[in-house]
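Student: I should like to understand how the labels used for a protein model are justified. Could we go through them one at a time?

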Amino acid sequence: MQKMSETIHQVTWLPNFVALPGHWLLSDIEKTFAVSYKDLNLYPMDISSALPVLALNINPNEPAKILDLCCCPGGKLQYLREAAGDGSFVIGVDIAEMRLNVCRSLLHRYQSRMHVEDRRKKRLLLFNCDGCTFSSTAF
């Protein structure tokens, strides 16, 4: 059996990211190491989704309003939520309800709490609407 460090490595220029060999699927982790990627507290995300989060240079000590248009499948939304400080609003918008359901599923899978009822106190909001017409007055 291979050692995990021989196949999965830290991305040195991207904090908290590891890279899988390009031909791997997430299921290959379980097959190779007899451990689920979920047990490793990993979630899949392409680097191109992580870069906008880093570019925002979010200060975790200051509340912010962060908008993710076309938010499906939800990986970037999850990363934004983790980066945001207390009192922040992370807003996901998608025009297709089915795509929002994919987001909800991913966020639920990774123990993100969906607090839509009390929008003044909670940090993660999802809206089913056209991003071209979305207004921050919606919340």
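The following exchange sets values from this structure against the definitions behind the labels.

Tutor: This is a predicted model, in which local features need pLDDT of at least 70 and side-chain atom pairs count only at pLDDT 80 or more, while totals for chains, interfaces and linings use all residues. Residues are numbered from 1 along each chain as its sequence is written, and side-chain values use heavy atoms, with hydrogens and water left out.

Student: What makes the contact between K76 and D68 a salt bridge?

Tutor: The term requires a side-chain nitrogen of Lys or Arg within 4 Å of a carboxyl oxygen of Asp or Glu. For K76 and D68 the N to O distance is 3.9 Å, so the pair qualifies. A search of the whole structure finds three salt bridges.

Student: Why is D68 called buried, and why is K76 called partly exposed?

Tutor: Buried means under 20% relative accessible area, exposed means over 50%, and partly exposed lies in between (1.4 Å probe, protein chains only). D68 has 5%, and is therefore buried. K76 has 25%, and therefore counts as partly exposed.

Student: How do you know that R99 and D94 form a salt bridge, and how accessible is each residue?

Tutor: Their side chains meet at 3.2 Å, N to O, which is within the limit and so satisfies the definition. D94 is buried because its relative accessibility is 2%, whereas R99, at 36%, is partly exposed.

Student: What makes E97 and R104 a salt bridge, and why is each called partly exposed?

Tutor: The N to O distance is 3.0 Å, so this pair also meets the criterion. E97 has a relative accessibility of 35%, and therefore counts as partly exposed. R104 has 30%, and so is partly exposed.

Student: Why are α3 and α4 called roughly parallel?

Tutor: Helix α3 comprises residues 47-56, and helix α4 comprises residues 75-83. Their axes come within 9 Å and cross at roughly 25 degrees. That makes α3 roughly parallel to α4, because angles under 35 degrees are given this label (over 145 is roughly antiparallel, 65 to 115 roughly perpendicular, and the rest oblique). The crossing of α3 and α4 is right-handed.

Student: What makes W13, I47, L51 and L54 a nonpolar surface patch?

Tutor: A patch is made of residues with over 30% relative accessible area and no salt bridge; nonpolar side chains (Val, Leu, Ile, Met, Phe, Trp, Tyr) are joined within 5 Å, and like charges within 9 Å. I47, in helix α3, has 32% and is therefore partly exposed, so this value passes the patch cut-off. The patch made by W13, I47, L51 and L54 covers about 360 Å².

Student: Why are N57 and C70 called exposed, and what is the phi of each?

Tutor: N57 lies in the loop between α3 and β3, and at 65% relative accessibility it therefore counts as exposed. C70 is found in the loop between β3 and α4, and its 57% likewise makes C70 exposed. Phi of N57 is positive, about 50 degrees, although N57 is not a glycine. Phi of C70, also a residue other than glycine, is positive and near 55 degrees.

Student: Which form does the peptide bond from C72 to P73 take?

Tutor: That bond is cis, with omega near 10 degrees. P73 is found in the loop between β3 (65-69) and α4.

Conventions. Areas by Shrake-Rupley, 256 points an atom, 1.4 Å probe, with all protein chains shown as cover. Helix = DSSP H or I, 4+ residues; strand = E, 2+ residues; numbered from the N terminus. Axes fitted to C-alpha atoms, helices over the stretch in contact; angles between N-to-C directions. Left-handed = near helix turned anticlockwise from the far one by under 90°.
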